[in-house]
Amino acid sequence: MNPRTKAHLALLAVALIYSANYIIAKDLMPFYVEPRGFIFLRVIGATLLFFIFGIFSKSSRKIERRDWIRVFLCGFFGVAANQILFFEGLNLTTPINAAVIMTSNPVLVLLMSAILLKEKLRPIKILGVILGGFGAVYLILSTAADDFTLPGISIGNVLIFLNATSFAVYLVIVKPLMSKYDALLVIKWVFASGLVFVIPLGFGSFASIDWSTWTPTIVSAAAFVVVCTTFLAYLFNVFALKTLSSSTVSTYIYLQPLFTTMIALYLAKDALTFEASVSAALVFVGVYLVGRKSKTTKLK
């Protein structure tokens, strides 16, 4: 299996994990744990896992001094700000609204890649972003349009958009590190840097958790968020970034509302709608166009 295929399979797994996370994380907050306490648990748990697995890494290379500023920026935008904004926003808004707003991420990544990394905006890639975005938004609005205008959630919607922006910055600025270092080396220090910002913001909330209310189901849900949504998803993302562009990686976010809807349909024992089928086709075509490797013409 070639590296590009492995990268795309890793991103499919990330999309599935994040899709389930919308439902699982929402059920935990705020009764069992406040957003910032949840973030503290998530980041410190994933950081420990990254360092434990780092012990078995064969790479002996260390981060160069000139790259530490970028590592800390990745920790801020990709871990601390990204997760705080997401969980605070999800606590105020609905999973459906969050899924709609997060589809702005690929567009933000495409623009920032052009500005910061000087990536060329090919027409076929722009078309893919537009098709995927239309498919994702059409799916959600056609199945639950009324939820998008619920009162009292404006702040949550803004926080989710800022989260999408923060994650877009992270995907762009981490790319040079992934081209230079081992993926596990980068992500463990990115999380360690993010933890520096998260500790003062989340420790107080974490310390106030009433653990006596945590049933085995709640513990399993929290473990899923720490191990799968944080550790595995971030690891798979940086693995994919070694082969694919930031804009291609971000486009897989369009699959999240599709997968979320499929999971919801499965749990509700419902039937697949015509709207969901059309949206699925648009999303997959969009992802294919953005992820397709450009052809180069050889000079004779």
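Here are some questions and answers about this structure, which is a predicted model.

Me: Let's start inside. Which residues have the most contacts within the largest nonpolar core?
Reply: That core has 80 residues. Helix H10, residues 216-241, gives the largest share of it, with twelve residues. Those with the most contacts inside the core are Phe 38 and Tyr 170.

Me: Leaving aside neighbours within four places in sequence, what is Tyr 170 in contact with?
Reply: Tyr 170 is one of the two residues named for having the most contacts inside the core. Its partners, with close sequence neighbours left out, are Cys 74, Phe 77, Gly 78, Ile 187, Val 190, Tyr 234 and Val 238.

Me: Is Phe 87 buried or exposed?
Reply: You'll find Phe 87 in helix H3. Buried means under 20% relative accessible area. Phe 87 has 0% relative accessibility, so it counts as buried.

Me: And what does Phe 87 touch, not counting residues up to four places away in sequence?
Reply: Some of the chain that comes close in space is far off in sequence: Lys 26 is 61 residues apart from Phe 87 along the chain, yet their C-alpha atoms are separated by 8.6 Å. The residues that Phe 87 touches are Ala 25, Met 29, Pro 35, Phe 38, Ile 39, Arg 42 and Val 225.

Me: Where is Phe 197, and how far in space is it from Phe 40, C-alpha to C-alpha?
Reply: Phe 197 has its place in helix H9, residues 183-207. With a relative accessible area of 30%, Phe 197 is partly exposed. It touches Phe 72, Phe 76 and Ala 80, if you skip residues up to four places away in sequence. Phe 40 is 157 residues apart from Phe 197 in sequence, and in space the C-alpha distance is 9.9 Å.

Me: Now the outside. Which residues make the nonpolar surface patch of about 590 Å²?
Reply: One member, Ile 55, is found in the loop between helix H2 (35-54) and helix H3 (68-92). Ile 55 is exposed, because its relative accessible area is 64% and exposed means over 50%. The full patch is made by Leu 48, Ile 52, Phe 53, Ile 55 and Phe 56.

Me: What about charges: which residue forms a salt bridge with Glu 88?
Reply: The structure holds four salt bridges. The one with Glu 88 links distant parts of the chain, with Glu 88 in helix H3 and its partner in helix H2, 52 residues apart. The closest N and O atoms are 3.0 Å apart, and the partner is Arg 36.

Me: How many residues apart in sequence are the parts tied together by Lys 180 and Glu 64?
Reply: Lys 180 forms a salt bridge with Glu 64, the closest N and O atoms being 3.1 Å apart. Lys 180 lies in helix H8 (residues 175-180), while Glu 64 sits in the loop between H2 and H3, so the pair ties together parts whose separation in sequence is 116 residues.

Me: Is Arg 66 buried or exposed?
Reply: Arg 66 forms a salt bridge with Glu 64, with the closest N and O atoms 3.1 Å apart. Glu 64 counts as partly exposed at 29% relative accessibility. Arg 66 has 66% relative accessibility, so it counts as exposed.

Me: Which residues are linked in a network of salt bridges?
Reply: Glu 64 has a salt bridge with Arg 66 and another with Lys 180. Asp 67 belongs to the network too. The linked residues are Glu 64, Arg 66, Asp 67 and Lys 180.

Note on methods:
Residues numbered from 1 in each chain as written. Predicted model: local features only at pLDDT ≥ 70, side-chain atom pairs only at ≥ 80, totals over all residues. Heavy atoms only, no water. Patch = residues over 30% accessible without salt bridge, like charges linked within 9 Å, V, L, I, M, F, W, Y side chains within 5 Å. Areas by Shrake-Rupley, 256 points an atom, 1.4 Å probe, with all protein chains shown as cover. Salt bridge = Lys/Arg side-chain N within 4 Å of Asp/Glu carboxyl O. Helix = DSSP H or I, 4+ residues; strand = E, 2+ residues; numbered from the N terminus. Buried < 20%, exposed > 50% of the residue type's maximum accessible area, 1.4 Å probe, protein only. Contact = heavy atoms within 4.5 Å. Core = buried A, V, L, I, M, F, W, Y, C linked by side-chain atoms within 4.5 Å.
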